[in-house]
Amino acid sequence: MTLSSKTADMIHRALDSFQVELPSWGFANTGTRFGKFIQPAAASSIDEKFSDAGQVHKVTGACPTVALHVLWDFPDGLKSIGNVNALAERHGVRAGSINPNVFQDQHYKYGSLGNPDASVRKAAMTHLLDSAEIATRLGLRDISLWFADGSNYPGTANIRQRRKWFEQGLQELHGRLQGDQRMLVEYKPFEPAFYHTDIGDWGMAYLLAKSAGPRARVLVDTGHHYLSQNIEQIVDWLLADGMLGGFHFNDRRYADDDLTLGSIDPYQIFRIFHEIRFFEWETSQRADIAYMVDQSHNLKGKMEAMIQTVMTAQELYAKASIVDHAKLAEGQTKCALVDAETCLKDAFSTDVRPAIRDWARSHGLPEDPMDSFRQSGYLERITRERSQKNAAAGSSYA
Ligand code: RM4
Ligand code: MN
Ligand code: MN
């Protein structure tokens, strides 16, 4: 079935406005708690990460920015930012959000901003303020915050006290934001903490963001919910309150599995996009949302996994952009349940791929990004160049 020109046009405009940020760590060798499977082509320097991201952007046209993780990409903090903007530009991308890392160093064993030891809280604060400074010097807008803080056993942590420390810390960080900078507060129910997590759900993230100041928002990582939780309702509530700052996209079957987007439940992502598009239609305003990928690719080839993710995101966003909103609103008002639900089902089951190929062609992009990448010889080249270094990297769990 060919799409009507009106539908194709809606898809075209939606894709023009849709961009998704790639995580630098998605190109690096990462693992599970049991070990790392080393990929010979994995990136290990910021130069290689930008280069890989640049190739993904080149074939998809939808991911001009790269999220950076401070400890992994700037191991010496402010001192290592060097000429990072020029480096990114050389590979056809830009630096994106800045992700502080207050979970990996040894002193964070009992937490960062929630640590009972004032000197550790101070070390975490210094890292967060340095991260804000990095964002300012590089001219970047979003500081994306995830905290591993929590406890493993009942009675071992003063939950209310820790909340206060978080409020203070986030307020202090907010005070350093410049211009249009934002801070995004991410939540996660468990892992690595298995009894309580200090920012365990969207309500906690919302309250902390509110108390931090007007430029703080909530970040929704799609893998950070209990199974069967209605994520699109959370998204809708945050949208209504102007508190939705961004997403970390990934898919999962059980917990925070970090699988490629839409691999398990594409309808879930479609429903999220739908709530956003419906909000935009009702309010005639564009939601200011940073769409980001947060995945770690252990088994799939890292670059192919990323291209597949971006293509899936474009496809699901395109589907959500052709929902007949007027008809849907009417169905909702009249409680015509089947009619309203059919509006979503019709859009979801439409094959939007021909329209995406047209869109790509009209922008001088390859119609088949995966094939274009495979034909390019890039993977063979980086495999040759990087395999020796990667083979020397450790892979053991203990
Ligand atoms: C966490 C969370 C954060 C990410 C780290 C690496 O589970 O999703 O966003 O920075 O993993
Ligand atoms: Mn995340
Ligand atoms: Mn996660």
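This section describes the metal sites, salt bridges, core and selected backbone features of a predicted model.

Two manganese ions, ligand 2 and ligand 3, lie 4.0 Å apart. The protein donors of the manganese ion (ligand 2) are E186 (OE), D221 (OD), H248 (ND1) and D294 (OD). These donors lie 2.2 to 2.3 Å from the ion. Along the chain they follow the spacing E-x34-D-x26-H-x45-D. D221 belongs to strand β10 (residues 216-221) and H248 to strand β11, so this pair ties together parts that are 27 residues apart in sequence. Six donor atoms surround the manganese ion (ligand 2). The angles they subtend run from 72 to 164°, which makes the arrangement octahedral. D221 is buried, with a relative accessible area of 0%. H248 also counts as buried, at 2% relative accessibility.

The manganese ion (ligand 3) has H224 (NE2) and D256 (OD) as its protein donors. Both lie 2.2 Å from the ion. H224 sits in the loop between β10 and α8, and D256 in the loop between β11 and α9, so the pair ties together parts 32 residues apart in sequence. H224 is buried, with a relative accessible area of 4%. D256 has a relative accessible area of 18% and is buried because the limit for that class is under 20%.

D256 takes part in a salt bridge as well as in metal binding: its partner is K188, and its metal is the manganese ion (ligand 3). The closest N and O atoms of K188 and D256 are 2.7 Å apart. This pair links distant parts of the chain, 68 residues apart. K188 is in the loop between β8 (182-186) and β9 (196-197), whereas D256 is in the loop between β11 (244-249) and α9 (266-283). K188 counts as buried, at 6% relative accessibility.

The whole structure contains 23 salt bridges. One of them joins R386 to D52, with the closest N and O atoms 2.9 Å apart. R386 lies in helix α15 (residues 378-391) and D52 in helix α2 (residues 46-60), so the bridge ties together parts that are 334 residues apart in sequence. Both residues, R386 and D52, are buried. A further salt bridge pairs K334 with E330, and here the closest N and O atoms are 2.7 Å apart. K334 is exposed, with a relative accessible area of 58%. E330 counts as partly exposed, at 43% relative accessibility. Salt bridges also form a network that links R141, D142, D180, R182 and D288.

The largest nonpolar core has 108 residues. Those with the most contacts inside it are F74, F247 and Y291. Beyond its neighbours within four places in sequence, F247 is in contact with L219, V220, V235, I272, I276, I289, A290, Y291 and M292. Y291 is thus both one of the residues with the most contacts in the core and a contact of F247.

Helix α7 (residues 202-212) has A205, Y206, L208, A209 and A212 as its buried residues. An α-helix has 3.6 residues a turn, so residues three or four places apart point the same way. The cover over the buried residues of α7 includes α6 (159-175), β8, β10 and α8 (231-240). At the N-terminal end, D201 caps the helix. A side-chain oxygen of D201 lies 3.0 Å from the backbone nitrogen of G203. After α7 comes G213, whose phi is positive, near 145°.

Unusual backbone geometry appears elsewhere too. Most residues other than glycine have a negative phi, and most peptide bonds are trans. E191 has a positive phi of about 80° although it is not a glycine. A cis peptide bond joins E191 and P192, with omega about 10°. E191 is found in the loop between β8 and β9, and P192 is found there as well. K188 is also placed in the loop between these two strands. E191 counts as partly exposed, at 30% relative accessibility. S284 likewise has a positive phi, of about 50°, without being a glycine. It lies in the loop between α9 and β12 (290-293). S284 is exposed, with a relative accessible area of 69%.

Definitions and conventions
Residues numbered from 1 in each chain as written. Chains lettered and ligands numbered in written order. Predicted model: local features only at pLDDT ≥ 70, side-chain atom pairs only at ≥ 80, totals over all residues. Heavy atoms only, no water. Salt bridge = Lys/Arg side-chain N within 4 Å of Asp/Glu carboxyl O. Helix = DSSP H or I, 4+ residues; strand = E, 2+ residues; numbered from the N terminus. Buried < 20%, exposed > 50% of the residue type's maximum accessible area, 1.4 Å probe, protein only. Core = buried A, V, L, I, M, F, W, Y, C linked by side-chain atoms within 4.5 Å. Contact = heavy atoms within 4.5 Å. Donors = N, O, S within 2.8 Å, 3.2 Å for Na, K, Ca; no water. Tetrahedral: all angles 85-135°; square planar, octahedral: opposite > 155°, others 65-115°. Polar contact = N/O pair within 3.5 Å; in protein donor to acceptor, adjacent residues only side chain to side chain.
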